[in-house]
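Welcome, and please open your viewer. We will take this tour one selection at a time.

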Amino acid sequence: MPKVVSLFSGCGGSDAGVIKAGFDVIMANDILPYARDTYLANHPQTDFVLEDIRKIEVFPSAELLVGCYPCQGFSQGGVRDAGRRINFLYLEFARALNAIKPKVFIVENVSGMVRKNFEHLLIDQKAVFTEAGYVVKAQVLNAADFGVAQERRRIFIVGIRADLDTEYEFPKPTHGDLLLQPRVTIEQALSGMELWPTGEYYDREFHWYYMSRDRRRDWHEQSKTIVANPRHMPLHPVSPKLVKVEHNVWRFSEDLPARRFSYRESALLQGFPKDFRFPDTDAASLDMRYTVAGNAVPPPLFEAVARSIPDSLWD
Ligand SMILES: C[S@@+](CC[C@H](N)C(=O)[O-])C[C@H]1O[C@@H](n2cnc3c(N)ncnc32)[C@H](O)[C@@H]1O
């Protein structure tokens, strides 16, 4: 099994995907204690280093390096500041890339990076990775096209070491109207789950900002993007429909109970398996569970990207 070093690993969404694709993750890293706890509850065999990446000086050798550095600066939901310090964590990824020199690397990040005002950040990243000796390709993929019951567009940057003279092709959608398999629905992803799982969902009021757009999708559709902040989590379809009152103002169509997706449901809508564990450790809280699930890369999407690396590289 080709060896993988994973950075900014979170609770292990991307890593669950590479493991399923047949790789061996020998080291993972994150700064968040509950990400470590959740990761190890699901992948106890990995050496998880709980540390600020800037303090890690030595990396083991590996054939694949994966990393999804934080994206707050580009996120359409977050603060839109192209110059925020957090946007420079890609240089830490590049430092590891230069130290390890794996055959391949995979990066995932929010698709907002392709927008005009953030384009320079994508250009910088590609330039830094090219300079490290890689042939770099980037493409936006939608998790819903790969069997995940969620609309989630993310940019993937894949590089193959230039001396290997091998081309990477991004995976083609496997689920959709004109494809062999239909898209997975919310109903399918949440089958067997309780309708009102007390204590597992954020039940504070729906503030004006929440009600400024339609947050609900029906059972037979795909979820809106699952986010890390529970305040902004989409509505569960058990809730009444939302109707538009005016620009940026919506209201419930009926005076019936409504709720956001629970953290467990958000993990299922991210494509995690039903037996995915959220351990009850000291660092656990409702918000933390939502954070690690919402920050994750959908495992089936990362698996598809990892499987598309030509097998000839691992001979
Ligand atoms: C987008 S999430 C990664 C999600 C992960 N790939 C997954 O699929 O579950 C980015 C992660 O970077 C971590 N992070 C932020 N700053 C960091 C730092 N300085 N050193 C290490 N990890 C950091 C965050 O705690 C967060 O879990």
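A polar contact here is a pair of N or O atoms within 3.5 Å; within protein, one must be able to donate a hydrogen and the other to accept it, and residues adjacent in sequence count only if both atoms are side-chain atoms. This is a predicted model, in which local features need pLDDT of at least 70, side-chain atom pairs count only at pLDDT 80 or more, and totals for chains, interfaces and linings use all residues. Residues are numbered from 1 along each chain as its sequence is written, and side-chain values use heavy atoms, with hydrogens and water left out.

**Stop one: the ligand.** Select Phe8, where a backbone N or O atom lies 3.3 Å from a nitrogen atom of the ligand. Now add Gly12, whose polar backbone atom is 3.4 Å from a ligand oxygen atom. At Ser14, a backbone N or O atom is 2.9 Å from an oxygen atom of the ligand. Widen the view to find 20 residues around the ligand (a heavy atom within 4 Å).

**Stop two: two helices.** Select residues 90–100, helix α3, and residues 119–131, helix α4 (helices are DSSP runs of H or I, at least four residues, numbered from the N terminus). They pack at an angle of about 15°, with axes 10 Å apart (lines fitted to C-alpha atoms over the stretch in contact; angles run from 0 to 180 degrees between N-to-C directions). α3 and α4 are therefore roughly parallel (under 35 degrees). Show the side chains of the contact (heavy atoms within 4.5 Å), including Tyr90 and Leu97 of α3 and Asp124 and Phe129 of α4.

Note on methods
Angles under 35 degrees count as roughly parallel, over 145 as roughly antiparallel, 65 to 115 as roughly perpendicular and the rest as oblique.
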